[in-house]
Amino acid sequence: MAVDELYFHRQRSLPRWERIGHPLDTLTVLFCFGWVFLVVPTTVTVCAYTGLSLFSCLFVTKDEAIHCQVCKASEQWVHALMFMLHPLILLSAGLLWPVWHGQALSFFTYTGFERSFLLGNTLLTFGFGLFQLLYWNLLWPSRPAQQAKSTTTSITP
């Protein structure tokens with residue numbers, strides 16, 4: 001994510017649909033994490049979490065038809081890596097879910113760091129989503145403004 005956000009997105013103009021869509025991608029992950037924190041795992045709630053996770057995995061691919069037109073192959077490769085990691089992250093959160101609620105899975109041995117790890121990752125994800133929303137929508141100058149600035153500074157009287 002850092003390579004995509006801090007390298008590739010800075011190299012090209014981020015259109016409005018991406019400046020809005022990427023924070024929404026992050027929000028789908030936060031919904032999954034929020035479910036883990038707020039709902040006790042049962043057969044029904046695990047099925048619901050699976051549905052939320054599948055929705056998130058599909059939702060993050062929504063822009064790829066357009067990305068193939070505006071992104072370099074190297075950026076698309078980074079996206080492919082992120083698409084492989086996305087379900088693994090949600091699966092990992094699901095496996096840590098019982099620990100948050102004082103339960104344990106019989107086929108895992110928990111060592112005590114899991115609650116902090118899950119909370120830390122959720123806070124990092126929230127912070128990253130906030131960065132995406134604020135930086136790309138409020139702080140990053142639009143491409144025409146950047147070009148106008150570079151044109152006026154490169155002209156010498």
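## Largest pocket

The largest pocket holds about 700 Å³ of space. This value, like the others in this report, comes from a predicted model. The pocket is lined by 28 residues, and Met1, Val29, His86, Ile89 and Phe128 are the ones nearest its centre.

Five helices each supply at least two residues of this lining: helix 1 (2-11), helix 2, helix 4, helix 5 and helix 6. Helix 5 provides the largest share, with nine residues. Sorted by class, the lining has 14 nonpolar, nine polar and five charged residues.

## Second largest pocket

About 240 Å³ of space lies in the second largest pocket. Its lining is made up of 15 residues, of which Tyr49, Thr50, Leu90, Leu91 and Gly94 lie nearest the centre. Helix 3 and helix 5 are the elements that give two or more residues to this lining.

The largest share again comes from helix 5, here seven residues. By class, the lining of the second largest pocket consists of twelve nonpolar and three polar residues, with no charged residues.

## Nonpolar core

The largest nonpolar core comprises twelve residues: Val29, Cys32, Phe33, Val36, Phe37, Val39, Tyr49, Leu90, Ala93, Leu96, Trp97 and Leu118. Helix 2 (16-38) and helix 5 (73-100) each contribute at least two residues to this core. Helix 2 gives the most, with five residues.

Some core residues also appear in the pocket linings. Val29 belongs to the core and is among the residues nearest the centre of the largest pocket. Tyr49 and Leu90 are likewise core members, and both are among the residues nearest the centre of the second largest pocket.

Phenylalanine 37, a member of the core, is in contact with Trp100, His101, Leu118, Leu119 and Thr122 when neighbours within four places in sequence are left aside. Of these partners, Leu118 is itself listed in the core.

## Threonine 125

Threonine 125 lies in helix 6 (residues 114-139). With a relative accessible area of 18%, threonine 125 counts as buried, because the cut-off for that class is under 20%. Leaving aside neighbours within four places in sequence, threonine 125 is in contact with Thr26, Val29, Leu30 and Phe33. Two of these partners, Val29 and Phe33, belong to the largest nonpolar core.

## Salt bridges

Two salt bridges are counted in the model. In one, the side chains of aspartate 25 and lysine 62 meet at 2.6 Å, N to O. This pair links distant parts of the chain: aspartate 25 is in helix 2, whereas lysine 62 is in the loop between helix 3 (43-59) and helix 4 (64-70), 37 residues apart. In the other, the side chains of lysine 62 and aspartate 63 meet at 3.2 Å, N to O. Asp25, Lys62 and Asp63 are thus linked in a network of salt bridges. Side chains of opposite charge can pair when their charged atoms come close.

The three residues vary in accessibility. Aspartate 25 is buried, at 12% relative accessible area, and aspartate 63 is buried as well, at 8%. Lysine 62 is partly exposed, with a relative accessible area of 35%.

## Histidine 67

Histidine 67 is found in helix 4 and is buried, with 3% relative accessibility. Not counting residues up to four places away in sequence, histidine 67 touches Arg12, Trp17, Glu18, His22, Gln76 and His79. One of these partners, glutamate 18, is 49 residues away from histidine 67 in sequence, and the C-alpha atoms of the two are 9.6 Å apart in space.

How values were computed
Residues are numbered from 1 along each chain as its sequence is written. This is a predicted model: local features need pLDDT of at least 70, side-chain atom pairs count only at pLDDT 80 or more; totals for chains, interfaces and linings use all residues. Side-chain values use heavy atoms; hydrogens and water are left out. A nonpolar core is a set of buried Ala, Val, Leu, Ile, Met, Phe, Trp, Tyr and Cys residues joined through side-chain atoms within 4.5 Å. Buried means under 20% relative accessible area, exposed over 50%, partly exposed in between (1.4 Å probe, protein chains only). Helices (H or I, at least four residues) and strands (E, at least two) are DSSP runs, numbered from the N terminus. Contact means heavy atoms within 4.5 Å. A salt bridge is a side-chain nitrogen of Lys or Arg within 4 Å of a carboxyl oxygen of Asp or Glu. On a 1 Å grid over the protein atoms alone, a cavity is a set of points where a 1.4 Å probe fits but cannot get out, and a pocket is an open set with protein on both sides within 12 Å along at least five of seven lines; lining residues have an atom within 4 Å of a point. Grid points are joined across faces, edges and corners, and a volume is the space filled by probe spheres set on the points. Ala, Val, Leu, Ile, Met, Phe, Trp, Tyr, Cys and Pro count as nonpolar, Asp, Glu, Lys and Arg as charged, and the others, Gly among them, as polar.
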